[in-house]
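Ready for some practice in reading a protein model? Work through each exercise yourself, then compare your steps with the solution.

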Amino acid sequence: MRTMLPANYYPAFKKYEHLKGNYGGSWWHQNKEFESFNGPILMTTNCLVPLKKDCTYLDRLYTTGVASYTDAVHIPERVNGESKDFEAIIEKAKTCSAPTEIETGKIVGGFAHNQVLALADKVVDAVKAGAIKRFVVMAGCDGRQKGRNYFTEVAEKLPQDAVILTAGCAKYRYNKLDLGDIGGIPRVLDAGQCNDCYSLAVIALKLKEVFGLDDINDLPLSFDIGWYEQKAVAVLLALLHLGVKGIRLGPTLPAFVSPAVLNVLVENFDIKPITEPEADVEAIMAGK
Ligand code: SF4
């Protein structure tokens with residue numbers, strides 16, 4: 001589910017017949033989707049939504065690592081470098097009903113840096129030929145606020161010569177839209193989980209090198225980031241460290257950014273909040 005979506009693209013996992021595909025969307029749908037999934041759920045990190053009183057999946061909910069939840073079974077840490085013991089989950093799965101189908105279709109993905117760099121010649125040719133005018137990084141978190149529909153609208157309004165680079169749950173706002181491709185290069189290149197934002201930075205640095213640029217900000221590359229919590233903030237700090245300027249953040253600026261800090265970010269990095277999809281798309285395509 002969710003952040004397991006990238007697992008479907010790992011060649012090493014193709015041999016597992018029971019890895020059937022992605023189930024559901026981003027984290028905030030989990031109260032509903034964990035119910036209809038019917039099988040065991042393993043939480044490995046944050047983004048676990050408190051269970052509702054009448055929920056039916058507490059006995060199928062497992063945690064491990066830093067994640068834990070009252071009355072959910074916790075899978076202990078590995079000992080002496082041995083694998084964790086997931087037997088309890090496997091046995092549980094054998095007693096569960098199959099997931100209730102909630103949607104069908106295909107999602108294109110698997111574009112972590114190795115895969116994109118394997119396409120580098122094709123990508124560079126497309127940029128030089130003018131077939132790709134701009135890359136737009138729309139990575140980060142999703143959330144339940146209505147304002148996050150902004151990212152769906154931006155994806156829909158971006159012209160056909162723009163390619164979206166994504167990672168994290170933010171992509172669920174647009175990764176099921178049919179946005180087509182540019183000469184075989186999908187218009188949404190999904191690097192994977194939020195942690196795979198690393199891949200997006202590697203891709204940007206490689207493009208800078210390939211185009212012989214001194215400044216990452218001279219690339220035809222814009223950042224329109226959906227933020228929610230600490231991981232997205234860590235990604236933002238990494239981008240600032242790389243010298244990226246002009247990042248848009250939405251749907252709102254983090255509340256913990258004090259006016260003084262905001263002033264520093266604006267003055268030194270030209271950070272700005274998102275506005276309206278149409279105006280932002282126009283500005284993004286103009287390199288602003
Ligand atoms: S992208 Fe954000 S919301 Fe999604 S799993 Fe990662 S940290 Fe959680």
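## Exercise 1: Two domains meeting

7 residues of domain 1 are in contact with 8 residues of domain 2, where contact means C-beta atoms, placed from the backbone, within 7 Å of each other. Before you start, note that this is a predicted model: local features need pLDDT of at least 70, side-chain atom pairs count only at pLDDT 80 or more, and totals for chains, interfaces and linings use all residues. Residue numbers start from 1 along each chain as its sequence is written.

**Task.** Find the bounds of the two domains, and work out which residue classes make up the side of domain 1 that touches domain 2.

**Solution.**
- Step 1: Mark domain 1 at 2-95 and domain 2 at 113-285; these bounds come from an automatic or database domain assignment.
- Step 2: Sort the touching side of domain 1 by class, and you get 3 nonpolar, 3 polar and 1 charged residues. Here Ala, Val, Leu, Ile, Met, Phe, Trp, Tyr, Cys and Pro count as nonpolar, Asp, Glu, Lys and Arg as charged, and the others, Gly among them, as polar.
- Step 3: Check the spacing: the C-alpha centres of domain 1 and domain 2 are 29 Å apart.

## Exercise 2: The ligand

**Task.** Say how many residues surround the ligand, and explain where the ligand lies relative to the domains.

**Solution.**
- Step 1: Count the shell, and you reach 12 residues, with Cys47, Cys141, Gly168, Cys169 and Cys194 the closest. A residue is near a molecule if its C-beta atom, placed from the backbone, lies within 6 Å of it.
- Step 2: Split that shell by class: 7 nonpolar, 2 polar and 3 charged.
- Step 3: Ask who supplies the shell. Domain 1 and domain 2 both contribute residues, so the ligand lies between them.

## Exercise 3: The sheet

**Task.** Write down the strand order of the open sheet, then pick out its edge strands.

**Solution.**
- Step 1: Trace the 6 strands, and the order reads β8-β5-β4-β9-β10-β11, with parallel pairing. Strands (E, at least two residues) and helices (H or I, at least four) are DSSP runs numbered from the N terminus, and two strands pair if DSSP finds at least two bridges between them.
- Step 2: Look for strands that pair on one side only; these edges are β8 (188-190) and β11 (272-273).
- Step 3: Zoom in on β4 (residues 134-137), which pairs with β5 in the parallel sense over 4 bridges. Phe135 stands opposite Val163 in β5.
- Step 4: Now try β9 (residues 221-226) and β10 (residues 248-250): they run parallel and are joined by 3 bridges. The partner of Ile225 in β10 is Leu249.

## Exercise 4: Inside the core

**Task.** Decide whether strand β5 is enclosed or open, and follow Leu165 to its contacts.

**Solution.**
- Step 1: Check β5 (residues 162-166) for burial. 5 of its 5 residues are buried, so the strand is largely enclosed by the rest of the structure. Buried means 20 or more other C-beta atoms within 10 Å of a residue's own, exposed means 12 or fewer, and partly exposed is in between, with C-beta atoms placed from the backbone.
- Step 2: Sort the side-chain directions: Ala162, Ile164 and Thr166 point one way, while Val163 and Leu165 point the other.
- Step 3: Take Leu165, which is buried with 24 other C-beta atoms within 10 Å. Leaving out residues up to four places away in sequence, Leu165 touches Phe135, Val137, Leu189, Ala191, Leu200 and Ile203.
- Step 4: Place this in the largest nonpolar core, which has 53 residues; Val136, Val137 and Leu165 are among those with the most contacts inside it. Such a core is a set of buried Ala, Val, Leu, Ile, Met, Phe, Trp, Tyr and Cys residues joined through C-beta atoms within 7 Å.
- Step 5: In soluble globular proteins, nonpolar side chains tend to be buried together.

## Exercise 5: Backbone oddities

**Task.** Is Asp71 buried or exposed, and where is the cis peptide bond?

**Solution.**
- Step 1: Find Asp71 in the loop between β2 (61-64) and β3 (73-75). Its phi is near 75°, a positive value in a residue other than glycine.
- Step 2: Count neighbours: Asp71 has 8 C-beta neighbours inside 10 Å, so it counts as exposed.
- Step 3: Move to Gly250 and Pro251, which are joined by a cis peptide bond with omega about 0°. Pro251 sits in the loop between β10 and α8 (259-269).

Terms used:
Contact = placed C-beta atoms within 7 Å.
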